[in-house]
Amino acid sequence: MQKMESRGVESPSLWEKALKLIGPEKGVVHLATAAVLNAVWDLWAKQEGKPVWKLLVDMDPRMLVSCIDFRYITDVLTEEDALEILQKGQVGKKEREKQMLAQGYPAYTTSCAWLGYSDDTLKQLCAQALKDGWTRFKLKVGADLQDDVRRCQIIRDMIGPEKTLALVPLGIGIATGEQCHNRVIFKQLLQAKALQFLQIDSCRLGSVNENLSVLLMAKKFEIPVCPHAGGVGLCELVQHLIIFDYISVSASLKNRMCEYVDHLHEHFKYPVMIQRASYMPPKDPGYSTEMKEESVKKHQYPDGEVWKKLLAAQEN
């Protein structure tokens, strides 16, 4: 687009103005940053022959600190603070790694109770989840208060009083990885003591690098991290971060769990492994992000088989 000139000074183009609204460190630009840098971590781990969580666990604390951008967060977390946390995390690390390999990281399921599910679907999915050993459930609410109460009662009646039921209001939850664009927003929420739980996101934040800074800030404020993983591939990625967090940073499972949804894992070469409602640490090298070639081909826009059918149906 052409730039407008006023008094001999070039004014920003419409494109430059739009870019300012969507980035940097937020929106589309930040998502692209996460995609590129997460791919670099995947390649690095494959080069080392390790899954990403193991690459991070085995890394020297000073090397980990060198991966973090401390701009705009040093009033909360300095390089010295981060190094101290990671050095303290060395104590008992081998035992915690053995625990993860044997027992996995506790998870909760969101698959039973999305908004829009009929009562019969809620009951059917909840019954199957109980049969599969789930003890922690998340229910989406916020569309209609009376309907929310009714749906909550259905789930509570099925799972009983001893199991965990979490509620997530529609359109609310700025503390979640879906809504927090970057480490600065997390920092400000932590400073304001506005969080009881913190949800990182493996793709919303700027890759492993930025997630490291948020995990360390959460540790400094002693706020439990319960990652978001409600989208395609997010479970595959975020499991690496939360397993690393337990082994090398938080050293705690108190009030902690990681989200899980059971959709679309069949498209990944290295899908998550859930046992006893827990994430079992991946053993294959890399970041578990690689998709099956056939799945990519079928869903490629606009020439993939899936898109061709959708576009043909719209035309008819």
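Where in the chain is Tyr72 found? I looked this up first, and I placed Tyr72 in the loop between helix 4 (61–66) and helix 5 (79–88). I note here that the model is predicted. The phi angle of Tyr72 is near 70 degrees, which is a positive value in a residue other than glycine.

**Entry: the whole chain**

I went through the secondary structure of the protein chain and noted 13 helices and eight strands. The radius of gyration is 21 Å, close to the 20 Å that the globule rule gives for 316 residues, so I wrote the chain down as being as compact as a globular protein of that length. Taken along the principal axes, the box filled by the C-alpha atoms is roughly 70 × 65 × 40 Å.

I then looked up burial and surface. Of the 316 residues, 44% count as buried. The accessible surface comes to about 17100 Å², and carbon and sulfur atoms hold 55% of that surface.

For contacts, I took those with a separation of 6 or more. Residues 24 or more positions apart account for 71% of these contacts in the protein chain.

I also checked the charges. The protein chain has 40 positive and 40 negative charges, and their mean positions are 3 Å apart.

**Entry: the core**

Which residues have the most contacts inside the largest nonpolar core? I listed Leu56, Leu77, Leu198, Phe244 and Tyr279, in a core of 71 residues. Helix 11 (residues 234–250) gives the most to this core, with 11 residues.

I picked Leu77 from that list for a closer look. Leaving aside its neighbours within four places in sequence, I found Leu77 in contact with Phe70, Ala82, Ile85, Ser213, Leu216, Met217 and Lys220.

**Entry: two prolines**

I found Pro282 in the loop between strand 8 (278–279) and helix 12 (293–299). Is Pro282 buried or exposed? Its relative accessibility is 12%, and buried means under 20%, so I entered Pro282 as buried. Not counting residues up to four places away in sequence, Pro282 touches Pro51, Trp53, Gln239, His240, Ile243 and Ser288. I also took one distance from Pro282: Val149 is 133 residues away in sequence, and the two C-alpha atoms are 38 Å apart in space.

The second proline is Pro302, which lies in the loop between helix 12 and helix 13 (305–315). I checked the peptide bond from Tyr301 to Pro302 and noted it as cis, with omega near 0 degrees.

**Entry: Ala251**

I returned to backbone angles for this one. Ala251 is not a glycine, but it has a positive phi of about 55 degrees. I placed Ala251 in the loop between helix 11 and strand 6 (258–260). The relative accessibility of Ala251 is 39%, so I counted this residue as partly exposed.

**Entry: Gln153**

In which helix is the place of Gln153? I found Gln153 in helix 8, which covers residues 145–159. Gln153 has a relative accessible area of 42%, and I therefore wrote it down as partly exposed. I closed with a distance: Gln153 and Trp134 are 19 residues apart along the chain, and their C-alpha atoms are separated by 18 Å.

Notes
Residues numbered from 1 in each chain as written. Predicted model: local features only at pLDDT ≥ 70, side-chain atom pairs only at ≥ 80, totals over all residues. Heavy atoms only, no water. Core = buried A, V, L, I, M, F, W, Y, C linked by side-chain atoms within 4.5 Å. Buried < 20%, exposed > 50% of the residue type's maximum accessible area, 1.4 Å probe, protein only. Helix = DSSP H or I, 4+ residues; strand = E, 2+ residues; numbered from the N terminus. Contact = heavy atoms within 4.5 Å. Rg over C-alpha atoms; globule rule 2.2 N^0.38 Å. Areas by Shrake-Rupley, 256 points an atom, 1.4 Å probe, with all protein chains shown as cover. Lys, Arg positive; Asp, Glu negative; His and termini not counted. Charge placed at Lys NZ, Arg CZ, Asp CG, Glu CD.
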